[in-house]
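Trainee: Please take me closely through one part of this structure, whichever part best shows how charged side chains sit. Then help me place that part in the rest of the chain.

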Amino acid sequence: MNRRVTIKRLLNCFLALGSAKMLYACTGKDAEYDLANAEHCGDLEGLDEVEISKRKQLGYTEETPIEENICGNCQLYLPPKQDANCGGCQLFKGPVYEEAYCTYWAPRVSNA
């Protein structure tokens, strides 16, 4: 792969990440959710219809259609906190499977 293609791909990833963060900022809502209370990562009890709709609009699925693109290696993924079974996402409330996926997946950027 040549340098120009690599740079374009990186720019597209950063653009997608920036767009996703702007979308989240425009909602004016906090993405925090009490994930410790979720019995399993598919448990949407306590989420209102707006949040459930947001998950659908972002294309969230519990199993990724692209093997290497999972929530667990996405820049927007929030790892499970102590005593929690599920992670979260910066874009919407509610539990998230580590193996899940949404259309706003962006590769985790290393600090190295």
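Mentor: Let's start with a term: a residue is buried when its relative accessible area is under 20%, exposed when over 50%, and partly exposed in between, using a 1.4 Å probe and protein chains only. This is a predicted model, where local features need pLDDT of at least 70 and side-chain atom pairs pLDDT 80 or more, while totals for chains, interfaces and linings use all residues. Numbering runs from 1 along each chain as its sequence is written, and side-chain values use heavy atoms, with hydrogens and water left out.

Now go to K54, which at 13% relative accessibility counts as buried. Its partner is E51: the two side chains form a salt bridge, 3.3 Å from N to O. (That means a Lys or Arg side-chain nitrogen within 4 Å of a carboxyl oxygen of Asp or Glu.) Side chains of opposite charge can pair when their charged atoms come close. E51 is buried as well, at 2% relative accessibility. Both residues sit in helix 2, and their spacing of 3 residues is about one turn of that helix. The structure holds 1 salt bridge, so this pair is the one to zoom in on.

Helix 2 itself spans residues 49–57, and K56 is part of it. (Helices are DSSP runs of H or I with at least four residues, strands are E runs of at least two, and both are numbered from the N terminus.) K56 has a relative accessible area of 64%, so it counts as exposed, whereas K54 at 13% is buried. K56 also links this part to a remote stretch of sequence: C102 is 46 residues away along the chain, yet the two C-alpha atoms are separated by 8.9 Å.

Follow the chain out of the helix and you enter the loop between helix 2 and strand 1, where E62 is found. E62 is partly exposed, at 43% relative accessibility. N69 belongs to that loop too, but with 14% relative accessibility it counts as buried. Beyond its neighbours within four places in sequence, N69 is in contact (heavy atoms within 4.5 Å) with T64, A100, Y101 and W105.

The loop leads to strand 1, residues 77–78, which holds L78. L78 comes out as partly exposed because its relative accessibility is 26%. Setting aside neighbours within four places, its contacts are G87, G88, C89 and Q90. L78 and E98 have C-alpha atoms 9.4 Å apart in space, with their positions 20 residues apart in sequence. Between strand 1 and strand 2 (88–89), the loop carries D83. D83 has a positive phi, near 70°, without being a glycine, and it is exposed, with a relative accessible area of 69%.

Step back and you can fit all this together. The protein chain has 2 helices and 2 strands, arranged along the sequence as α-α-β-β. It has 112 residues, of which 30% count as buried; E51, K54 and N69 are among the buried ones. As for contacts with a separation of 6 or more, 73% of them join residues 24 or more positions apart. So if you want a tour on screen, begin at the pair of E51 and K54, then move along the loop to N69, buried at 14% relative accessibility, and finish at D83, exposed at 69%.
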